[in-house]
Amino acid sequence: MEEGFSDLDLSLVTGETLPEAAAFGARIPAGALNLTGRLVLRASAEAENSTLAEIARLMEAGAQSKSRYVRLADRHHPHSGGLTFLGWWLVGGAGRAQRPAARGGGA
């Protein structure tokens, strides 16, 4: 920052919800929101090399990879239907499904 003073919202970059004061000489990452003052800034990195671009790259890489637990669930998913049916059958679900419902009333 070359000139000015302001409170900045850095929540996009750091996750911190409280504003942070910034004054002359401060390094302000791309993605910071100016809340209160007038600032004169000088860019020190190209857009592809900015903090915001690095966060976007990390998010994209994370979305493309699956966790160990998701891979395990995907591997065993085809068997889950058969196991559910078998469990239902063993606890007597088949016999209950064939019995007619009891009718109320009648004298």
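**Salt bridges in a predicted single-chain model**

Good morning. Of the 107 residues in this chain, 10% count as buried. I should say at once that the model is a predicted one, and that the values I quote are computed from it.

Let me begin with the overall layout. The chain contains 4 helices and 5 strands. Followed along the sequence, these elements come in the order β-β-α-β-β-β-α-α-α. The chain exposes about 8900 Å², and 59% of that area is supplied by carbon and sulfur atoms. As for contacts between residues at least 6 apart in sequence, 43% of them join residues at least 24 apart.

I now turn to the charged side chains. How many salt bridges does a search of the whole structure find? The search finds 3, and I shall take them in turn.

The first on my list joins the side chains of arginine 42 and glutamate 2, with an N to O distance of 2.5 Å. Distant parts of the chain are linked by this pair, whose members lie 40 residues apart. Arginine 42 sits in the loop between β5, residues 39-40, and α2, residues 51-64, while glutamate 2 belongs to the segment before β1, residues 3-4. Are these two residues buried or exposed? Arginine 42 counts as exposed because its relative accessibility is 60%, above the 50% cut-off. Glutamate 2, with a relative accessible area of 37%, is partly exposed.

Next comes the salt bridge between the side chains of glutamate 3 and arginine 38, at 3.2 Å from N to O. This pair also links distant parts of the chain, with the two positions 35 residues apart in numbering: glutamate 3 is in strand β1, and arginine 38 is in the loop between β4, residues 33-34, and β5. Glutamate 3 has a relative accessibility of 43% and is therefore partly exposed. Arginine 38, at 58%, counts as exposed.

The remaining salt bridge is formed by arginine 57 and glutamate 54, whose closest N and O atoms are 2.9 Å apart. Where do these two residues lie relative to one another? Both are in helix α2, and because they are 3 residues apart there, about one helical turn separates them. Arginine 57 is partly exposed, at 40% relative accessibility, and glutamate 54 is likewise partly exposed, at 37%.

To close, the search gives 3 salt bridges. The pair of arginine 42 and glutamate 2 links distant parts of the chain, as does the pair of glutamate 3 and arginine 38, whereas arginine 57 and glutamate 54 are paired within helix α2. Thank you.

Technical notes. Residues numbered from 1 in each chain as written. Predicted model: local features only at pLDDT ≥ 70, side-chain atom pairs only at ≥ 80, totals over all residues. Heavy atoms only, no water. Salt bridge = Lys/Arg side-chain N within 4 Å of Asp/Glu carboxyl O. Buried < 20%, exposed > 50% of the residue type's maximum accessible area, 1.4 Å probe, protein only. Contact = heavy atoms within 4.5 Å. Areas by Shrake-Rupley, 256 points an atom, 1.4 Å probe, with all protein chains shown as cover.
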